[in-house]
Each structure stands twice: as structure tokens, then as C-alpha cells.
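The exercises below are to be worked with the sequence and the 3D view at hand. Each task is followed by a solution in steps.

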Amino acid sequence: MKTISVAHSPDADDIFMYYAIKFGWVTPNDAKFENIADDIETLNQAILKGDYDICAISFALYPFVKDDYALLKTAVSFGEGYGPKLIKRKGTKLKRNFKVALSGEYTTNALLFKIAYPDARITYMNFLDIEQAVINGDVDAGVLIHESILTYDDSLEVEKEMWDIWVQLSGGNLPLPLGGMCIRRSIPLHAAIDYEDTLIKAVNVANKNRKVLAPMLLDKGLIRVDADTLDNYLDLYANDNSVQLSDIQYKALDKLFELGYKNGFYTELVKSQDFLIPSEYKELRQK
């Protein structure tokens, strides 16, 4: 049986969406999924090198790897009135060229931040270290992601919501694209369709059985937050909108890629639906 590497971040929504497979509730037909958990920028960098078969990525990375990886339609995270937060110490005023900590060069929040704050001095670090770096004064500000947006220290305050930056840049009325998954193009098409179907089922099963799965993850120590915070976080990032990309989510992705292209971060304009697995092939084979 073929082993397929599936990499995801250790944050609560990725673990939640994947563990229906880990617990054996959903399995692919003729393969074994082997999961790897790492922070999102490490995964972004790994996909640039082609390290994994299937991987969670920041959506902002995708135009750089589109020739080697197809976009998956599932396990997606979007913000709807919320998202990463630019935080600073309470009572401080940021200068035009303030020093900021971001969670990685290829993260979506980094792309939007660079467009909104072209004069800021950027340093990159693991997302788990950003809050403390701001508290210590190592940086003037930092962009918090994942569960940190709900649990940051009382000595900090929000300078700007990345959601508000997205609304200003995109024109509003679109969800904020944050992260999704991609799959290696060299995988045979029939197998790639099966793997995507498996992941869609896993996310759907996890979502529908949240009251069962969430306590199991907490009991096994797989989640960094308490039960109430986990519940709030899953409301934001692992919900009905995570199961399969919708028309408005495709539009949001295209707007993100358009902003990156117009601001010189991408060399060509990418349309998200041009880079999906052609799942209609499965239906044609069955006729």
C-alpha cells in the first residue's frame, strides 16, 4: 500500500480537520496517509522544495508552486469579519518604519501586511514566539495568527485587524483567504481525486461530529488551548465553509492573487479554478 505524506500545521483547525483520518473514521482507498505537523511557514518552505505529497499552505504561497502542485478544494480557512491581528504594547505609537514580527515570508498575512505597510521593517519568526517578542520589546509590533488571536496578553492591544486591511484592499464583500491545501501534480489523476475526496469526507465528518472529536483531541493533549477557546476557534476556522471551496471563496482567492500580482509579488496573474484537480474525470471514467 502506497504511503502518502500529508503535512498540516499544529494549530487547532488543521488538527481538527485531519484527525478524522488519524482516528480511522475516513480512509483512502489504496493508500495510507502519514501525517506530519509543523508550523505554517515551515510547510510553505517545504512545498517550495517539493517535500510533501499533500500539504497545508498559506494561500499567498500558491502562485509560487502552481506548476508542481494543484489546489485542493477542502480544508480551507477563511476569515469572515476576523483574521490575524497586528498587535503592539498598550499605549505605544508606531512609527512609519516600525519593526514588526511576521510568521513567515510566504504567509497570507505577510503579503497583505507588505502591501499595507511598505515602510515597516520586517523580521520573521515562529508564530508561537511573536507575542512574547512584542511584550519583551524585541519588536514594536507583531501579527498574531492561529489561536493567539484569542488568547494574547492583557498588556497588548490591537493596532489593526488584518480583516480591515483586506476589506480596504479588496473592496469588501469577500471573505479573507488564509490557508488551504495543495497536492503534488505528479500523483496519478485517479489517485489524486481519491485523496481529495478522502480529505473532503474527513473535514465533513469532523465538522458534523465536532462534539465527539473535540474532547478526544483535548484528552490526548493534541490542542494547545482549553475547551472554551477551542470551541470559539473552531467556530472561526473549522466550520461548514471549510469543507469545500465555494464560488465566493474562489472570488476571494482570485482577488488575493490579483493584489499580489498588481503589487509585484507574483510574475503572472493566477485564477484559482484553473489549478484545481479536474474531479470531473472521475465521472467520465465511470460512464
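**Exercise 1: a lysine in a loop**

At 9% relative accessibility, Lys73 counts as buried. The model is a predicted one. Task: find where Lys73 lies, and list what Lys73 is in contact with beyond its neighbours within four places in sequence.

Solution.
- Step 1. The cut-off for buried is under 20% relative accessible area; Lys73, at 9%, is therefore buried.
- Step 2. The loop between β4 and β5 holds Lys73.
- Step 3. With neighbours within four places in sequence set aside, the contacts of Lys73 are Glu196, Val243, Gln244, Leu245, Tyr250, Leu276, Ile277 and Ser279.
- Step 4. The side chains of Lys73 and Glu196 are joined by a polar contact of 2.9 Å.

**Exercise 2: the partners of β11**

Task: decide whether strand β11 (residues 176-184) is enclosed or open, and work out how many bridges join β3, β4 and β5 to β11.

Solution.
- Step 1. In β11, 9 of the 9 residues are buried, so the strand is largely enclosed by the rest of the structure.
- Step 2. Strand β3 (residues 54-58) runs antiparallel to β11, with 5 bridges between them. Cys55 has Cys182 of β11 as its bridge partner.
- Step 3. Strand β4 (residues 69-71) is also antiparallel to β11 and is joined to β11 by 3 bridges. Here Tyr69 stands opposite Arg184.
- Step 4. Strand β5 (residues 77-79) is joined to β11 by 3 bridges, again antiparallel. Ser77 has Gly179 in β11 as its bridge partner.

**Exercise 3: the length of a helix**

Task: test whether the end-to-end distance of helix α8 (residues 189-208) agrees or disagrees with its number of residues.

Solution.
- Step 1. The expected span is 1.5 Å times one less than the number of residues; for the 20 residues of α8 this gives 28 Å.
- Step 2. The end C-alpha atoms of α8 are 28 Å apart, which agrees with the expected value.
- Step 3. Of the 20 residues of α8, 14 are buried, so the helix is largely enclosed by the rest of the structure.

**Exercise 4: a serine in a loop**

Task: state whether Ser272 is buried or exposed, and name the residues in contact with Ser272 beyond four places in sequence.

Solution.
- Step 1. Ser272 is in the loop between α11 (247-262) and α12 (280-286).
- Step 2. Its relative accessibility is 0%, so Ser272 counts as buried.
- Step 3. Outside the four places on either side in sequence, Ser272 is in contact with Leu71, Tyr250, Leu253, Asp254 and Phe257.
- Step 4. Tyr250 is among the contacts of Ser272 and also among those of Lys73.

Key: Residues are numbered from 1 along each chain as its sequence is written. This is a predicted model: local features need pLDDT of at least 70, side-chain atom pairs count only at pLDDT 80 or more; totals for chains, interfaces and linings use all residues. Side-chain values use heavy atoms; hydrogens and water are left out. Buried means under 20% relative accessible area, exposed over 50%, partly exposed in between (1.4 Å probe, protein chains only). Helices (H or I, at least four residues) and strands (E, at least two) are DSSP runs, numbered from the N terminus. Two strands pair if DSSP finds at least two bridges between them. A polar contact is a pair of N or O atoms within 3.5 Å; within protein, one must be able to donate a hydrogen and the other to accept it, and residues adjacent in sequence count only if both atoms are side-chain atoms. Contact means heavy atoms within 4.5 Å.
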